[in-house]
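User: I should like to learn how to read individual features of a protein–DNA model. May we proceed feature by feature, beginning with a single residue?

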There are 2 protein chains.
Amino acid sequence: MFALMKKESSLAAEHGLKNSGLIKDVKKLVESYPRVPITVDCVIFGFDENELKVLLIRSDIEIFKDKWSLLGDFAADNEMLDDAAYRVLRERTGMDDVYLEQVKTFSRPDRHPGGRVLTVAYCSLLNIEHHQLRKMDNELHWHSVKKIKEMAFDHKEILDECYTWLQKRIQEHPLGFNLLPEKFSLRELQNLYEAILDVKMDRRNFRKKFFAMDFLIDTGEFEDDVPHRPGKLYQFDFYKYSHTKKKWNGIDF
Amino acid sequence: MFALMKKESSLAAEHGLKNSGLIKDVKKLVESYPRVPITVDCVIFGFDENELKVLLIRSDIEIFKDKWSLLGDFAADNEMLDDAAYRVLRERTGMDDVYLEQVKTFSRPDRHPGGRVLTVAYCSLLNIEHHQLRKMDNELHWHSVKKIKEMAFDHKEILDECYTWLQKRIQEHPLGFNLLPEKFSLRELQNLYEAILDVKMDRRNFRKKFFAMDFLIDTGEFEDDVPHRPGKLYQFDFYKYSHTKKKWNGIDF
DNA sequence: ATTTAAAGTGTCGATTTTACACAATCAATT
DNA sequence: AATTGATTGTGTAAAATCGACACTTTAAAT
């Protein structure tokens, strides 16, 4: 009916790894596997001037000259991929304790001109003002997500996937706060959601929704740099949120 | 403020790959990366006897003797991971055109006793009756997802993640149909959702919801093997669903 | 004092969700 | 042929949620 190709077993058999049907020498088994270079790539989102931004570096590869690239690195020996992604983040932004989540693994054999390289894409959200961009490193820039067109490697595809992922994710969990300063007005929060989702929302309904979620702490403080009536400043109650047992089934806009 | 470790660039520099700041020899660059064995593991779900099942194979590795394992294989040279996962599916079930989606990459350095092996987990949904389990292969079995406790490697963790993923996913998209026969009654459909989500639902409201979605084709046929009033049989309109432009924002149970 | 710009606030109608009960149908049994 | 058992199929009303909508308040700038 269909051909059976019991690759693993037959390969193991060829190498004489099996004995009475069971593989004993697992090291030898693993040595028989093909090996592939692995990198992580971080899609680092920030929010500034009412736009969603992504942190990119000018590619240092000649054929991608003048193209922009995500921040990545190869995974070191015995390094967890999450750790590798955190390392890249720390190295590039000086920030720790940043929201970071694995999104997807990209494996097109021709995605890297130097040969097959797998990459695991991570999405990161940070407050663009907290981070310490290395001033001397003028190869590192924040770009408007909407405007960026061409990128090195398959990084545009990765960015697109992560952006779509973020749009969906932000409607299920209150992640947006990671992009804002510790204290923020509801207008800033709404601008953030409107920018990411590319929609206009009703101010009153937006407020109702977030107050109903009950994760906003009224700081009693107000904006002080606006040329009009200042808005109240709130903090997000990360503690309460993370201890909320009930499953989060969607914020729904 | 923080130490800069420009790994990629400095490594490239060491190897003399850079010239006037730009890397020319990308092949050499990639050769300088550490390499890791990659596998794919398929979490193949089926639905039978009102239970969600997963297809497992008895581990052929001695230290995991008597443990069950997901179906996987290493990724061949220049093979896309999606293709590798499809290959595993085909080899093990004889099925093609099966729902398959990448879920997550697992990278704990000690997850494989033979040394570091990355694995990319895929979730697959299929009709347990369509597939051609190789009769001779009595190492392959369907297990109740709820009941399985111990597994080889970190496969229990992978299964758990994929099950959680499925619970969420099935509430956003009508994927459940992939687990059912081509023609099914609404009771079967409801049993499926109740089993996967582990909840009880109201029959009338459940029907309303699915009819409102408007993806059910009335076949005009009826169940014929039940000892009571037979229910109507429906088909899922995969075509209409896939051509539905509007974003699917959640089925909501 | 006036102007400007945004903050803050509540209601009502529409829609969606939930809870809930009884008649119809078929097979199996007597 | 009649009865029983099990499940299908169907509608409505109350409750909750969503979405549209406008005016007053506040502070800074002029």
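User: Where is the place of A:Leu126 in chain A?

Analyst: Please note at the outset that this is a predicted model. A:Leu126 is in the loop between β8 and β9 (140-144) of chain A.

User: Is A:Leu126 buried or exposed?

Analyst: The criterion is a count of neighbours: a residue is buried if 20 or more other C-beta atoms lie within 10 Å of its own. A:Leu126 has 21 other C-beta atoms within 10 Å and is therefore buried.

User: Which residues does A:Leu126 touch, not counting residues up to four places away in sequence?

Analyst: With those sequence neighbours set aside, A:Leu126 touches A:Ile44, A:Gly46, A:Thr93, A:Met95, A:Val98, A:His131 and A:Asn178. A separate reading concerns A:His173, which is 47 residues from A:Leu126 in sequence and 16 Å from it in space, C-alpha to C-alpha.

User: How many helices and strands does chain A have, and what percentage of its residues is buried?

Analyst: Chain A has 7 helices and 11 strands. Of its 253 residues, 32% are buried. Among the contacts in chain A with a separation of 6 or more, 64% are between residues 24 or more positions apart.

User: How should the sign of phi be read, and which residue of chain A has a positive phi although it is not a glycine?

Analyst: Most residues other than glycine have a negative phi. A:Glu49 is a case with a positive value, about 50°. A:Glu49 lies in the loop between β3 (35-48) and β4 (51-58) of chain A. With 10 other C-beta atoms within 10 Å, A:Glu49 is exposed.

User: What is phi for B:Phe153, and is that residue buried or exposed?

Analyst: B:Phe153, also a residue other than glycine, has a positive phi near 50°. Its place is the loop between β9 (140-144) and α4 (155-169) of chain B. B:Phe153 counts as buried, because it has 23 C-beta neighbours inside 10 Å.

User: Let us turn to the contact between the chains. How many residues does each chain give to it?

Analyst: In general, the size of an interface is often given as the accessible area lost when the parts come together. Here the description is by residues: chain A contributes 52 and chain B contributes 53. On the side of chain A that touches chain B, the elements supplying at least two residues each include α1 (7-14), β3, α3 (81-93) and β8 (118-125). That side consists of 24 nonpolar, 12 polar and 16 charged residues.

User: How do β3(A) and β3 of chain B run, and how many bridges join them?

Analyst: The two strands are antiparallel and are joined by 3 bridges. Within this pairing, A:Arg35 stands opposite B:Pro37 in β3(B).

User: Which residues are closest to DNA strand C?

Analyst: DNA strand C is surrounded by 18 residues, the closest being A:Arg187, A:Arg204, A:His228, A:Lys232 and B:Arg229. Two or more residues of this surface come from each of α5 (186-197) and α6 (203-213) of chain A and α6 (203-213) of chain B. α6(A) gives the largest share, 3 residues. By class, the surface near DNA strand C has 3 nonpolar, 5 polar and 10 charged residues.

User: Which residues are closest to DNA strand D?

Analyst: For DNA strand D, the closest of the 18 surrounding residues are A:Arg229, B:Arg187, B:Arg204, B:His228 and B:Lys232. Here the largest share, 3 residues, comes from α6(B). The surface near DNA strand D divides into 3 nonpolar, 5 polar and 10 charged residues.

User: At what angle do α5(A) and α6(A) pack, and how far apart are their axes?

Analyst: The angle is about 100°, and the axes are 11 Å apart. Angles of 65 to 115 degrees count as roughly perpendicular, so α5(A) and α6(A) are roughly perpendicular to each other. In their contact, A:Leu186, A:Leu189 and A:Gln190 of α5(A) meet A:Arg203, A:Phe206, A:Arg207 and A:Phe210 of α6(A). These residues divide into 4 nonpolar, 1 polar and 2 charged.

User: How many other C-beta atoms lie within 10 Å of A:Leu186, and which residues does it touch?

Analyst: A:Leu186 has 17 other C-beta atoms within 10 Å and is therefore partly exposed. Not counting residues up to four places away in sequence, A:Leu186 touches A:Arg207, A:Phe210, A:Gly231 and A:Tyr234.

Technical notes: Residues are numbered from 1 along each chain as its sequence is written. Chains are lettered from A and ligands numbered from 1 in the order in which they are written. This is a predicted model: local features need pLDDT of at least 70, side-chain atom pairs count only at pLDDT 80 or more; totals for chains, interfaces and linings use all residues. Helices (H or I, at least four residues) and strands (E, at least two) are DSSP runs, numbered from the N terminus. A residue is buried if 20 or more other C-beta atoms lie within 10 Å of its own, exposed if 12 or fewer, and partly exposed in between; C-beta atoms are placed from the backbone. Two residues are in contact if their C-beta atoms, placed from the backbone, lie within 7 Å. Ala, Val, Leu, Ile, Met, Phe, Trp, Tyr, Cys and Pro count as nonpolar, Asp, Glu, Lys and Arg as charged, and the others, Gly among them, as polar. Two strands pair if DSSP finds at least two bridges between them. A residue is near a molecule or strand if its C-beta atom, placed from the backbone, lies within 6 Å of it. Axes are lines fitted to C-alpha atoms, for helices over the stretch in contact, and angles run from 0 to 180 degrees between N-to-C directions. Angles under 35 degrees count as roughly parallel, over 145 as roughly antiparallel, 65 to 115 as roughly perpendicular and the rest as oblique.
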